Amino acid sequence: MKRKTLFKGIKYLDSVTMLLISGDIYIVDGIIIETGKNISVSNDVTVIESEHLIAFPGLVNAHIHPSKEIYGSILDASPIDIVLDSVHRNNKIETPEGQYIAALKALTSGIQKGVTTFGLFTSRADDDIKAAKFIGCRCVVNFCQSNTWVGKGHSPQNSSVETALDKFDSALSLYQDLLISITPATASELSADDQLLLELHQIAKKNNTRFILHVHEGKIQVELHIHKYGKSGIQRLADLNILDQSTTLVHCCHLSEKDISLLKEAQSNIIHCPVSNSFVGAGTLPLAELMNNLNIGLGTDAAMVNPGNNLTFDAMFALYHHGDADFNKKITATKALHFLTEGGAKTLGLDNVGKIKSNYKADLIFFEKSKIDTDYINTPVSLLKLLNNENPSYVLIDGNEIIIDGQFAKNSTIENDARFKTLRERVKL
């Protein structure tokens with residue numbers, strides 16, 4: 001039997017104006033069928049009088065390393081090499097069980113703040129995906145494969161091109177379902193030779209998904225790449241003809257004018273991680289210069305470089321960090337709301353997520369008017385403030401209730417919090 005629900009008389013976010021409008025939302029089997037005023041439905045539809053609710057599309061954290069949640073707040077702002085050294089001292093606690101506990105904690109914390117879709121970057125997919133499936137969130141798993149390393153410090157796990165492709169095919173057959181998508185990825189422009197870059201990009205094109213990699217994450221990374229290849233990572237991708245709309249780049253916070261020109265021409269996708277980039281002193285994405293040409297999403301990255309790991313704080317930080325000395329580089333709250341929703345979804349290759357509109361997935365978050373501050377008004381910046389300050393009372397993912405009255409439908413998440421606390425106590429500072 002089909003699940004049919006009408007939210008009647010609800011206020012919800014209009015993704016064009018980024019303002020609240022009043023109307024009805026009609027959902028059937030996890031899909032938004034219709035929005036508007038005075039929608040007529042048949043007698044078999046559950047009608048929920050919703051004047052007391054405000055609905056937003058579920059938020060999209062386009063880039064997160066969930067198993068790194070155990071390292072949150074272990075350092076003040078620090079260079080990336082010091083951050084990674086702190087992580088490597090604790091490798092022993094990153095067992096499969098530890099990874100699952102940390103990933104589940106990261107995902108549940110995000111959902112409590114209204115995130116319903118995650119761009120989950122991992123080279124050890126099994127336990128991260130296990131956590132995602134348990135809690136029922138939507139995930140695009142960026143399954144990381146690397147075959148070289150020309151950077152400094154600890155190398156990502158490497159394998160031959162053939163083995164990397166076999167691993168991806170295996171993950172695709174094992175894990176892809178209605179909520180879990182598997183996309184090819186590599187750690188960075190320093191972690192893959194030309195052949196692997198071309199092969200992973202071809203997989204993305206063939207599967208109509210995205211090829212995702214960290215790129216230009218600071219001056220040192222760019223200089224190391226130029227020393228090896230004689231050109232920047234962006235320029236190398238362009239020369240290989242893989243800088244295009246199938247490619248999503250994470251960070252891009254140290255760009256030359258030539259890099260910026262290539263990005264605009266290619267119309268690639270970018271995931272901006274403003275708090276992480278500031279934390280490690282990597283630089284600042286020239287967001288205002290690129291946001292009208294490219295799909296832009298927001299990500300929290302990893303807890304050791306983003307202690308709050310709170311997506312809406314990243315949005316607020318971006319709003320005021322950009323253009324601190326030049327008003328022409330400012331972004332608007334309207335843009336920030338777009339990055340949090342539809343923009344983030346598109347960077348992950350999801351075309352039917354991030355809006356309250358017909359034919360979009362019913363990934364929705366609901367706030368009860370009586371349980372939030374009376375301070376908010378109907379402007380984009382005030383709505384962004386609401387998302388940052390408040391927690392939703394109800395969360396739907398694919399039409400399924402994940403949070404009810406502020407609590408997870410699965411009570412066993414409380415048990416995981418206790419296990420996570422024990423795991424955190426083992427972290428060596």
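Let's start where the two halves of the story meet: domain 1 and domain 2 bury about 2300 Å² between them, and 67% of that area sits on carbon and sulfur atoms. Keep in mind as you look around that this is a predicted model.

Which stretches of chain are we talking about? Domain 1 is made of 4-58 + 355-408, and domain 2 covers 59-348. Their C-alpha centres are 29 Å apart. To the contact between them, domain 1 gives 26 residues and domain 2 gives 29 residues.

Now look at the domain 1 side. Leu 384, Asn 388 and Phe 408 lose the most area to domain 2 there, and together they account for 26% of what that side buries. There is polar chemistry here too. The rule finds 3 salt bridges across the interface of domain 1 and domain 2, along with 8 residue pairs in polar contact, both residues being at pLDDT 80 or more. For the side of domain 1 that touches domain 2, the elements giving two or more residues are helix 13 (380-389), strand 15 (394-397) and strand 16 (400-404).

Which element gives the largest share of that side? That's helix 13, with 7 residues. It's worth pausing on this helix: 7 of its 10 residues are buried, so helix 13 is largely enclosed by the rest of the structure. If you want to find them, the buried ones are Pro 380, Ser 382, Leu 383, Leu 384, Leu 386, Leu 387 and Asn 388.

Some of those names come back when you turn to Phe 56. Leaving aside residues up to four places away in sequence, Phe 56 touches Leu 383, Leu 386 and Leu 387 from helix 13, and its other contacts include Leu 13, Leu 20, Ile 356, Leu 364, Ile 365 and Phe 367. Asp 363 is on the list of Phe 56 contacts as well. That aspartate also forms a salt bridge with Arg 138, where the closest N and O atoms are 2.7 Å apart.

Phe 56 leads us on to the inside of the protein. In soluble globular proteins, nonpolar side chains tend to be buried together. Here the largest nonpolar core has 86 residues, and the members touching the most others are Phe 56, Ile 111, Cys 137, Ile 182, Leu 249 and Leu 263. Both domains take part, as this core draws at least three residues from each of domain 1 and domain 2. There's also a second, separate core of 18 residues, with Tyr 71, Val 87, Cys 253 and Val 305 among them.

Definitions and conventions:
Residues numbered from 1 in each chain as written. Predicted model: local features only at pLDDT ≥ 70, side-chain atom pairs only at ≥ 80, totals over all residues. Heavy atoms only, no water. Core = buried A, V, L, I, M, F, W, Y, C linked by side-chain atoms within 4.5 Å. Buried < 20%, exposed > 50% of the residue type's maximum accessible area, 1.4 Å probe, protein only. Domains from an automatic or database assignment. Contact = heavy atoms within 4.5 Å. Buried area = accessible area lost by both parts, 1.4 Å probe. Salt bridge = Lys/Arg side-chain N within 4 Å of Asp/Glu carboxyl O. Polar contact = N/O pair within 3.5 Å; in protein donor to acceptor, adjacent residues only side chain to side chain.
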